[in-house]
Amino acid sequence: MTVNTITTTPFPDQKPGTSGLRKKTAVFAQPHYLENFVQSLLDTLPDLAGKTLVVGGDGRYFNRPAIQTILKMAAAANVGRVLVGRGGLLSTPAASVLIRKYQAYGGIVLSASHNPGGADGDFGIKYNGTNGGPAAEAITNAIYARSRALQQYRVTTGPDIDLDTLGRCTIQTTIIEVLDPVADYADLMERLFDFAGIRSLFAEGNFRMCFDGMHAITGPYAHEILVNRLKSGSDTVIRGVPLEDFGGGHPDPNLVYAHELVERMYSPQAPGFGAASDGDGDRNMILGRHFFVTPSYSLAILAANARLVPGYKHGLRGIARSMPTSCAPDRVAAVLGIDCYETPTGWKYFGNLLDAGKVTLCGEESFGTGSDHVREKDGLWAVLFWLNILAVRRQSVESIVREHWRTYGRNYYSRHDYEEVDAGAAEQLVQELRNQLSVLPGKSFGRYRVNFADDFSYTDPVDQSVTLQQGIRIVMDEGARIVLRLSGTGTLGATLRVYIESFEPDVGRQDQDAQVALADLIRIAEQVAQIRKFTGRERPTVIT
Ligand code: VG1
Ligand code: CO
């Protein structure tokens, strides 16, 4: 076995976005593309000799060859040890668990998360640091800078590693250990939640659940945890086998793409609890019988009920939500007397708050919830948290949510996505909004008056780093808001996200359909941002 040094030229577009570098699979699979990025990453990390890295992915097309390349490049870079999930599989939260448990220096996760996979789909790569969380922007910027200057990469020659057998081998002096991707994660879940209580919920009454693995990474995790350890019943998991193309589906757990689950949950025989996760297992969608839980509410309700769960019985230090996430969790924090932080979109901004012990729970409106048990959002963790609450309260999901609204008021909330619109026109829309920021305050639109408007900027309370231009906020009196931002995870054109929210304290008015309750604000968003004109679209692609 020898080390080959390969001459290359830089690619101009290797700048990581909201969550790592995401491109069309064909872009990643072209000669040198993956290698250039991995070498830029390895060059950015100081002195890897003797250090441990964790490597795994969501099983999508190109996962296996990419892992073989990464292992050979890690060996050429003298990495001490690489821990790989069997079959090259690791969910994003499980990768975070392994980095922390084995005190690895960091981890490389191969996934484009909720984006479709396959030869015509998307691929992605992200780097997580020693705390198990997504690398901070200072590091991703350094990787990008390195990629712009890269002239060569180093890779060992030799046969591929057998990824399907547990055990240990070496490339040069680098130890490669193939681990069970599920066991450590499942053990941690068992320490956080009352598995005996949840088992009796399944055993006693007629409680059933359905979990949709979307043919992505969570199938094996759900099988082990729900079916094997919690005895939920052998028919609990649907679409539970990870497939390279996710069975042709779009592994984004929302009401549109998880339609099979949604149909079951709205059928006359619907089980009491339904859930789905995304491509890499960090997202969660929660459904009750004939009932959908808005993700922002998931964070609020988990926070309000945290003391019912063994891992959180001593209370929460604080909570954090991304700026576009609804303000429902803030109301819970106020009652609990704890801080609620507002961060830019993307889990990397929660890392410092979690490390500093300022927050215990975090969440995003995009079906992401998590806690200080790892440094990623965690889909199955959220499902188990809900199950634990159901096991204690013995109420339906719907009645828990309605009770929450009665206590704290209801934040009506919806996100409208305009996918794959022209990138230039989307930029122009945002620019036009920036131009209006100074004149919007004080303006009235029907019953709403603009209290303030800005382009959200964030100063990290721990390291004082500043992040600018994170989304246009138009905040009305009485807790109504319109937020607009461009996605940082798409691979084609631009995706405009419009987040709309209002607050309803009157119990008698908490029963409306969200789109109806928000209709005035949706019209105001159109009026102010001229969405139809800039996107050329009559309506959003996805409404959540
Ligand atoms: C989206 C979501 C964001 C989430 C990110 C990664 O980003 O809005 O909340 O953190 O995806 O999620 P954007 O920039 O497209 O809005 V996923 O499950 O990668 O890991
Ligand atoms: Co994801």
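## The seven-stranded sheet

Let's start at one end of a sheet: strand 8 runs antiparallel to strand 9 (residues 174–179), and five bridges join the pair. Within that pairing, I171 faces T174 of strand 9. Keep in mind that what you have here is a predicted model.

Zooming out, this pair belongs to an open sheet of seven strands, ordered 2-6-5-3-4-9-8, with mixed pairing. The edges are taken by strand 2 (21–24) and strand 8 (167–171); each has a single partner strand, so one side of each has no neighbour in the sheet. From one strand to the next, the twist averages 20°.

## Helices on that sheet

Two helices are worth a look here. Helix 2 (residues 33–44) packs on the sheet and touches strand 2, strand 3 (52–57), strand 5 (106–110) and strand 6 (122–128). The direction of helix 2 makes about 10° with that of strand 6.

Helix 4 (residues 92–101) also packs on the sheet, where it touches strand 3, strand 5, strand 6 and strand 9. Here the reference is strand 5, and the two directions make about 165°.

## Helix 2 meets helix 5

Besides sitting on the sheet, helix 2 has a helical partner. It packs against helix 5 (residues 137–149) at an angle of about 120°, and the axes are 8 Å apart. That angle makes the two helices oblique to each other, and the crossing is right-handed.

Which residues of helix 2 and helix 5 meet? On the helix 2 side they are F37, S40, L41, D43 and T44, while helix 5 brings I139, A142, I143, R146 and S147. Sorted by class, this contact has five nonpolar, three polar and two charged residues.

## Helix 6 meets helix 8

A second helix pair is found further along the chain. The axes of helix 6 (residues 183–192) and helix 8 (residues 218–229) come within 10 Å and cross at roughly 45°. This pair is therefore oblique, and its crossing is right-handed.

From helix 6, the contact uses A183, Y185, A186, D187, M189 and E190; from helix 8, it uses Y221, E224, I225 and R229. What is the make-up of the contact by class? Six of the residues are nonpolar and four are charged, with no polar ones.

## The four-stranded sheet

There is also an open sheet of four strands, in the order 16-15-17-18, again with mixed pairing. Strand 16 (339–343) and strand 18 (368–371) are the edge strands, each pairing on one side only. Neighbouring strands are turned by 15° against each other on average, ignoring direction.

At one edge, strand 17 (residues 361–364) pairs with strand 18 in the antiparallel sense over four bridges. C362 is the residue opposite G370 of strand 18. Helix 10 (residues 295–304) packs on this sheet, touching strand 15 (318–322), strand 17 and strand 18, and its direction makes about 165° with that of strand 17. Helix 11 (residues 328–336) packs there as well: it touches strand 15 and strand 16, with its direction at about 165° to that of strand 15.

## A salt bridge across the sequence

The structure has 38 salt bridges. One of them joins the side chains of R64 and D164, at 2.8 Å from N to O. R64 is part of helix 3 (residues 63–76), whereas D164 sits in the loop between strand 7 (152–156) and strand 8, so this pair ties together parts that are 100 residues apart in sequence.

Note on methods: Residues are numbered from 1 along each chain as its sequence is written. Chains are lettered from A and ligands numbered from 1 in the order in which they are written. This is a predicted model: local features need pLDDT of at least 70, side-chain atom pairs count only at pLDDT 80 or more; totals for chains, interfaces and linings use all residues. Side-chain values use heavy atoms; hydrogens and water are left out. Axes are lines fitted to C-alpha atoms, for helices over the stretch in contact, and angles run from 0 to 180 degrees between N-to-C directions. Angles under 35 degrees count as roughly parallel, over 145 as roughly antiparallel, 65 to 115 as roughly perpendicular and the rest as oblique. A crossing is left-handed if the near helix is turned anticlockwise from the far one by less than a right angle, and right-handed if clockwise. Contact means heavy atoms within 4.5 Å. Ala, Val, Leu, Ile, Met, Phe, Trp, Tyr, Cys and Pro count as nonpolar, Asp, Glu, Lys and Arg as charged, and the others, Gly among them, as polar. Two strands pair if DSSP finds at least two bridges between them. A salt bridge is a side-chain nitrogen of Lys or Arg within 4 Å of a carboxyl oxygen of Asp or Glu.
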